[in-house]
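Visitor: Please take a close look at one part of this structure, the pairing of charged side chains. Go through it pair by pair, and then describe the surroundings.

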Amino acid sequence: MQNHETETFDAIIIGSGQGGTPLAGELAGRGLHTTLIERKHVGGTCVNVGCTPTKTILASARIAHMARRSSDYGVETGSVSVEMKTVRKRKRDIVASFSGGSESRLQETDNLELIYGEATFTAAHELKISLKNGGERLLRAEKIFIDTGGRPAVPPIPGIETVPYLDSTSIMELDRVPRHLAVLGAGYIGIEFAQGMRRFGAEVTIIDRGERILKREDPDMTTELEQILIEDGIRILHQSGIEAVEQRGEESIYLKGPDLEVSHLLVAAGRRPNTDALHPKDAGIETDKRGHIIVNERLETSVPGIWALGDVTGGPAFTHVSYDDFRILKSNLFVGGTKSTADRIVAFTLFTDPQFARVGMTETEARKAGKKIKVASMPMSWVARALETDESRGRMKAVVDAETDRILGAAVLGIEGGEIMSILHTAMLGGMRWQTLQEAPYAHPTLAESLNNLFTSWEE
């Protein structure tokens, strides 16, 4: 469609991520003439190339791991092999189901038009849409919401453009297990894929510039997780980097620096915002040096009537945070709310096996903030349910305000760590004192009852 006349909408959402999609439905449902602009596929990073596909693949990796461990439980299964094409098909099918369902619901929503194309600002409240199928449309609206997300960043390594390196998207399209996978980066994404591919049968080496993995987390917790990865057969090279890369043969990539020849290289060195084609500065929208949209605590940009939400703002890059951004906007726009990001308690789960989950402040952050704290900590080997299932690796800890007895933060590295953390998260949301959890009559034997013992195990 080619239309050189500017079309006017009440609201425009750019990007159909986990914040933009429900926001589009909310706006349209309230009678606003709304359009949702999507560049590639409905659902954003989470559904298409993030949470949904990665956790689907990691579930297959865990099954391979447990099948190899079956004899530990007295069950003999014989040799274990992995068919990556089947793993990939299962992943694709689930993604298609999630994304397709969201697309259908959007297309059936009254007052809402879904447009596939690339959005570019031409003025503060005006956009040019380069349509996916050719042509362009000019749109304007008094309310515009930016939810364009991010993509994998690629560091400027000499020769990187000459080798078939993988990123967090393309690695999920492999049709066979890598012989030797090098992972550049020891952050959340790199760690998940490293363990998953190791469990499929690949030799794995992590190359990390820092002194320890997951540098934002407390050292005692990352040391524990690193030991688990090493036990699983993963090699970790700290204070190391790739100086250059070179293709050597059809299935060999040479990495100068660590002096390694590998079959595959995964670049997991962070992400960058999708604002290049958007040209936010042409609308007067302020960005930081990396291109993230700068917003205040109410998600307002520097231009009145334009908001940004999700990963593009440079905040915590988690799906549930993006959805909570939607809640903030919904409340403030329609019910006179005063919600902001300032009082949000952020939680996340890293889907290693065992899971690493955290909520609120780390011990390091609490001490840096000058808090008077107490720390409760204990190994998962003290948890009956973990021993019964032979899944006792890991540790859990909680950081408590010594003056109020309120929980400031917690970290759980253990079987279903995300579920245990969520109990602590709920307690924090309710302003509970730690004594409430310590004295709660949780059912036995459950993982939840580990909280009874945790709050009797105070560090000196």
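Guide: A residue is called buried when its relative accessible area is under 20%, exposed when that area is over 50%, and partly exposed in between. The model is predicted. By computation it holds 36 salt bridges, and three of these pairs can be taken in turn.

In one of them, glutamate 300 pairs with arginine 298, and 4.0 Å separates the closest N and O atoms. Glutamate 300 has 31% relative accessibility, so it counts as partly exposed. Arginine 298 also counts as partly exposed, because its value is 30%.

Another pair belongs to a helix. The side chains of arginine 327 and aspartate 324 form a salt bridge with an N to O distance of 3.0 Å. Both residues sit in α7 (residues 319–334), three residues apart, which is about one turn of the helix. Arginine 327 is partly exposed at 38%, whereas aspartate 324 is buried at 18%.

Some salt bridges share partners, and these join Arg62, Arg69, Asp72, Arg199, Glu231, Asp232, Asp353, Asp390, Glu391 and Arg393 into one network. The third pair comes from this set of residues: aspartate 72 meets arginine 69 at 3.2 Å, N to O. With a relative accessibility of 15%, arginine 69 counts as buried.

Two members of the network, Arg62 and Asp353, lead on to a pocket. They are among the residues nearest the centre of the second largest pocket, together with Phe351, Thr352 and Gln355. Its lining has 16 residues in total. Two or more of them come from each of α3 (51–68) and α5 (188–200), and α3 has the largest share, five residues. Six of the lining residues are charged, six are nonpolar and four are polar. The space in this pocket comes to about 310 Å³.

The helices α3 and α5 appear again in the nonpolar interior. The largest nonpolar core has 34 residues, and Ile171 and Met197 have the most contacts inside it. Elements that supply at least two residues each include α3, α5, α4 (84–107) and α6 (219–231), along with strands such as β7 (180–184) and β20 (407–414). The most, five residues, come from α5. Leaving aside residues up to four places away in sequence, isoleucine 171 touches Leu166, Leu181, Phe193, Met197 and Leu266. Another core lies apart from this one, with 26 residues that include Met378, Ala386, Val400 and Leu437.

Notes
Residues are numbered from 1 along each chain as its sequence is written. This is a predicted model: local features need pLDDT of at least 70, side-chain atom pairs count only at pLDDT 80 or more; totals for chains, interfaces and linings use all residues. Side-chain values use heavy atoms; hydrogens and water are left out. On a 1 Å grid over the protein atoms alone, a cavity is a set of points where a 1.4 Å probe fits but cannot get out, and a pocket is an open set with protein on both sides within 12 Å along at least five of seven lines; lining residues have an atom within 4 Å of a point. Grid points are joined across faces, edges and corners, and a volume is the space filled by probe spheres set on the points. Helices (H or I, at least four residues) and strands (E, at least two) are DSSP runs, numbered from the N terminus. Ala, Val, Leu, Ile, Met, Phe, Trp, Tyr, Cys and Pro count as nonpolar, Asp, Glu, Lys and Arg as charged, and the others, Gly among them, as polar. A nonpolar core is a set of buried Ala, Val, Leu, Ile, Met, Phe, Trp, Tyr and Cys residues joined through side-chain atoms within 4.5 Å. Buried means under 20% relative accessible area, exposed over 50%, partly exposed in between (1.4 Å probe, protein chains only). Contact means heavy atoms within 4.5 Å.
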